[in-house]
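Let's walk through this one together, with the chain open in your viewer. We'll start from a single residue and work outwards.

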Amino acid sequence: MRDFMKFYSNLVDRCFNDCINDFTSKTLTTKEETCIQRCTDKFLKHNERVGQRFAEYNQNMAAQAQQNLGSRSGGGGWFGGQ
């Protein structure tokens, strides 16, 4: 829950600072609404892509660790035939 709230807070902070600049009205202008929509879409897509890359990286690291374990257990040692 803490991570979600941090993510949401970052999203709101960034898009608000980038898009809202007219405080003379309590409603958003069309330009501000469009900016907010694009900002949130981009932020969410970026976060999704980073998550995918992180998962790919973890998968590659796990495969590499498994391969290293396999190469260490075969061959020499007490019962390895050397």
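## Starting at Ile36

Ile36 sits in helix 2, which covers residues 30–73. Keep in mind that this is a predicted model. Ile36 has a relative accessibility of 25%, so it counts as partly exposed, the band between 20% and 50%.

Which residues does Ile36 touch, leaving aside those up to four places away in sequence? The list is Cys15, Phe16, Cys19 and Ile20. Take Cys15 from that set: it lies 21 residues from Ile36 along the chain, yet the two C-alpha atoms are 6.0 Å apart.

## The nonpolar core

Now for the inside. The largest nonpolar core is made of six residues: Leu11, Cys15, Cys19, Ile20, Cys39 and Phe43. Helix 1 and helix 2 each put in at least two of its residues. Helix 1 has the largest share of this core, with three residues. As a general backdrop, nonpolar side chains in soluble globular proteins tend to be buried together.

Cys19 is a handy core member to click on. Beyond its neighbours up to four places away in sequence, Cys19 touches Glu32, Cys35, Ile36 and Cys39. So what do we have here, going by the contact lists? Cys39 is a fellow member of the core, while Ile36 brings us back to the residue where we began, a partly exposed one at 25% relative accessibility.

## A nonpolar patch outside

Turn to the surface and there's a nonpolar patch of about 810 Å². Its residues are Met1, Phe4, Met5, Tyr8, Val12, Phe16 and Phe23. Phe16 has already come up, as one of the contacts of Ile36.

Phe4 makes a good example from the patch. It belongs to helix 1, residues 2–19. With 48% relative accessibility, Phe4 counts as partly exposed, because exposed would take over 50%.

## Salt bridges along helix 2

How many salt bridges are there? The count comes to two, and Glu56 takes part in each: one with Arg49, where the closest N and O atoms are 3.9 Å apart, and one with Arg53, where that distance is 2.6 Å. Together, Arg49, Arg53 and Glu56 form a linked network of salt bridges.

Why are Glu56 and Arg53 about one helical turn apart? Because they are three residues apart in helix 2. As for accessibility, Glu56 is partly exposed at 30%, Arg49 is partly exposed at 42%, and Arg53 is partly exposed at 47%.

Terms used:
Residues numbered from 1 in each chain as written. Predicted model: local features only at pLDDT ≥ 70, side-chain atom pairs only at ≥ 80, totals over all residues. Heavy atoms only, no water. Helix = DSSP H or I, 4+ residues; strand = E, 2+ residues; numbered from the N terminus. Buried < 20%, exposed > 50% of the residue type's maximum accessible area, 1.4 Å probe, protein only. Contact = heavy atoms within 4.5 Å. Patch = residues over 30% accessible without salt bridge, like charges linked within 9 Å, V, L, I, M, F, W, Y side chains within 5 Å. Areas by Shrake-Rupley, 256 points an atom, 1.4 Å probe, with all protein chains shown as cover. Salt bridge = Lys/Arg side-chain N within 4 Å of Asp/Glu carboxyl O. Core = buried A, V, L, I, M, F, W, Y, C linked by side-chain atoms within 4.5 Å.
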